[in-house]
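Here are some exercises to try with the model open in your viewer. Work each one out yourself, then follow the solution step by step.

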Amino acid sequence: MTAQTFKERDYFTDPTVLLDPYGYFEEMRPRGPVCQLETHDCLLISGFEECVEVLRNPADFSSLNSLASSAFPLPFKPEGSDISEQIEAHRDKYVGGDLVVTFDDAHHTNVRSLMSRMFTPSRLKANEVFMRDYAGELVRAAVAGGGCELVNQIATPYVTMVVADLLGVPAEDRTRFEEKIAAGQTVGSIENPDAPTDMSAVEFMGAYFYGYLEERMANPGTDLLSELATLPYPDGTKPDILELVGLAVFMFAAGQDTSAKLLGNSMRYIVDVPGLQQQLRDDRTLIPWLLEEVLRLEGSSKATHRIARRDTKIGDRPVPAGTQVIVALAAANRDPRRWGDDANEFKLKRPGIKQHIAFGRGSHTCAGAPLARAEVTAILNQFFDQTSDIRISAEKHGKPGARHYKFEPSFIIRGLENLYLELTP
Amino acid sequence: MPHVHVTDRSGEESAIDIRPGTTLMQAITDAGIADLLALCGGQCSCATCHVYIQDDALAELSPMEQDEDDLLACSSYRKANSRLACQLRLRDDHDGLRASIAPEDL
C-alpha cells in the first residue's frame, strides 16, 4: 500500500485510530511532517521539529481551538493576512474559550503568571507527605485484596485527592467533585462527535470554587487557593474573582484524567516490558527515567490544536491565516527523524529524553507536569514498597504478548479505561 | 521600545523588545531563539532556561528564591551571575540588560 492509495482514516472518529493512534500516525508520516488531511480541513503536524516550531510560535498561532480541536470549521470567514481580532471576537463560540489553555497574548501571560507559582518544587515537597500517606493507604488496601483495578479504583481518587489537598479544597467537597468528574464524558469524546467536550463538571465545580476564593480573600490562609486569591498580576493589578474561579477549576480538573492515565500507562510498561519491574525495584532512581520514556511513548495527551492567526510558515511551508493545525504530540514523540529508528521502542535512559513534548512546549507547556511526575513517582514507590510482584490480570487483559486493552474513547486523551492488576505482598 | 540583548550559544547577539510583565524566558523563546529549551514552561522546575546576566545588572533583578537556587545548584555550569530566565520578569527599566544562554546540562 502506498501513501497515495490507502483510504485516510478519520483521526477524530475512527475507533481503530483510538485503539492504535501510533499506527495511524505512521500511516500519515510518509505524507510529510506537515500534511493536509482529506477528512477535515486542517493540517496534521507529525514531525517533532515542526510541532515544537508551532508550539513556540504563539505570535502566529492562537490556542483558542486547543480544546475544541481542529475538527470543526472556523465559526467565521477569515479575512486578510491577520485574523487575530476575528478570533478574539468569536472566543465565546469555543468550548473552553474562557479557560487559560485557550488564552493568547497578554491575557495568557497574566493568568499564566499566577499558575507559575502553584506547582514549584517547594510546594510539591510540602505535599509529599500527603501523597505518600494517601498512596500508601490505597495500595495497602489493594494488596490486602490481592489485586485491584488500577485506573478507577486507585489512580482517579488518588490524583483527585492530591490536587484537592494541594489547593485546599475542603474534604467534604472532594468526593462530590470526584463523582461529578467520573460521571462526565471524557474530553474530546469520539462517541459524541457533535459535542466532544462537555464542560458541565467544570461549571458544577465553579460555584464551589467561587465560595472558597471569596472566603480566602476575606481570610487568607497558607493553602494554594489563598495564594491565588491574593496574588496580583505582573503589572500589579488584581485579577477578577471570576478569572480566578476559572483558573482554579481548570487546575483542579485538568490534571485528573491525564495524571490518572499516566499511572495506568506507566504500570502497563512496568509489567509488560521484560525485566523492567525488577530493574526498577532494584534501583528506584530509575523511576523518573521510566516516566519520561512512558510520557514519550504513551503520553496522556495525543494532540493539541492551534489556529494560524497570521499568514505564516511551518518550516518552508506557507500557512495562511485561518488554517487549523493538529499538533500531534504523540506523533512527534515517535518521529524517527528526532528519536532514531528505534523511536517506537521502550528504552530506559534514552539520550535527550527530557525533550519529549508530552506536556507540550512553549508558553502553554502543561503547568501541572511537575505535579504529575511527583504524584505518579510517589504511588509507584508505594507499589514497589508493598509488593514483591505486580502482574497484569491475564483473565481480564490476555497473556503477555497478546494483551487486549480498552482505551478512553477520546481524540485528546491516551489512556487505559481500566487496568486489572494482581498484587503479591 | 526598551530591549534586552541576548547572546545565544553560538555567540550571536539579538536585541529583543521588552513587553513588560513577560519573563526573560518568554521574551527569548518568543524571539525564536531555539537554544533556550525552557522545558517546564516557566514553573521553576527544570533549569533549562539557565542564563548568565551581565554582572552590573544583577542587582536590578528580583532576588533569587530557594527553588531557583536549588535547581541552579544541580547545573555543572553555574556561575555567580547565573539565573533562571523564567524567574526574571521584565520591566521597562531593564532596557539594555545583557544576558547569555548558559551551556546545556546533559
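**Exercise 1.** Find the loop of chain A in which K349(A) lies, and check its backbone.

*Solution.* Step one: K349(A) sits in the loop between helix 15 (336-339) and helix 16 (369-386) of chain A. Helices here are DSSP runs of H or I with at least four residues, strands are runs of E with at least two, and both are numbered from the N terminus. Step two: the phi of K349(A) is positive, about 60 degrees, although this residue is not a glycine.

Before you go on, note that this is a predicted model, in which local features need pLDDT of at least 70, side-chain atom pairs count only at pLDDT 80 or more, and totals for chains, interfaces and linings use all residues. Residues are numbered from 1 along each chain as its sequence is written, chains are lettered from A and ligands numbered from 1 in the order in which they are written, and side-chain values use heavy atoms, with hydrogens and water left out.

**Exercise 2.** Locate S69(A) and decide: is this residue buried or exposed?

*Solution.* Begin with the position: S69(A) belongs to the loop between strand 3 (61-62) and helix 4 (84-89) of chain A. Its phi is positive too, about 85 degrees, and S69(A) is not a glycine. Now the accessibility: S69(A) counts as buried because its relative accessibility is 2%. The cut-offs are under 20% relative accessible area for buried and over 50% for exposed, with partly exposed in between (1.4 Å probe, protein chains only).

**Exercise 3.** Describe how helix 11 of chain A packs against helix 16 of chain A, then do likewise for helix 5 of chain A and helix 11 of chain A.

*Solution.* Take helix 11 (residues 241-272) and helix 16 of chain A: their axes are 10 Å apart and the packing angle is about 45 degrees. Axes are lines fitted to C-alpha atoms, for helices over the stretch in contact, and angles run from 0 to 180 degrees between N-to-C directions. Helix 11 of chain A and helix 16 of chain A are therefore oblique to each other. Angles under 35 degrees count as roughly parallel, over 145 as roughly antiparallel, 65 to 115 as roughly perpendicular and the rest as oblique. The crossing of helix 11 of chain A with helix 16 of chain A is right-handed; that is, the near helix is turned clockwise from the far one by less than a right angle, whereas anticlockwise would be left-handed.

Next, the axes of helix 5 and helix 11 of chain A come within 11 Å and cross at roughly 60 degrees. This makes helix 5 of chain A oblique to helix 11 of chain A. Their crossing is right-handed.

**Exercise 4.** How many cavities of 30 Å³ or more does the structure hold, and which residues line them?

*Solution.* Start with the count: there are two cavities of 30 Å³ or more. On a 1 Å grid over the protein atoms alone, a cavity is a set of points where a 1.4 Å probe fits but cannot get out, and lining residues have an atom within 4 Å of a point. Grid points are joined across faces, edges and corners, and a volume is the space filled by probe spheres set on the points.

The largest cavity has about 170 Å³ of space. Its lining has 19 residues, and the closest to its centre are R112(A), T23(B), M25(B), Q26(B) and G41(B). Helix 5 (105-115) of chain A and helix 1 (24-30) of chain B are the elements that give two or more residues to this lining. By class, the lining has four nonpolar, 11 polar and four charged residues. Here Ala, Val, Leu, Ile, Met, Phe, Trp, Tyr, Cys and Pro count as nonpolar, Asp, Glu, Lys and Arg as charged, and the others, Gly among them, as polar.

The second largest cavity has a volume of about 40 Å³. Among the residues that line it are Y11(A), I190(A), K302(A) and F411(A). This second lining divides into five nonpolar, one polar and two charged residues.

**Exercise 5.** Place C42(A) and give its C-alpha separation from I307(A).

*Solution.* First, C42(A) is in the loop between strand 1 (34-36) and strand 2 (43-45) of chain A. Second, C42(A) counts as buried, at 1% relative accessibility. Third, C42(A) and I307(A) are 265 residues apart along the chain, and their C-alpha atoms are separated by 9.3 Å.

How values were computed: 1 Å grid on protein atoms, 1.4 Å probe; cavity = no way out; pocket = protein on both sides within 12 Å on 5 of 7 lines; lining within 4 Å.
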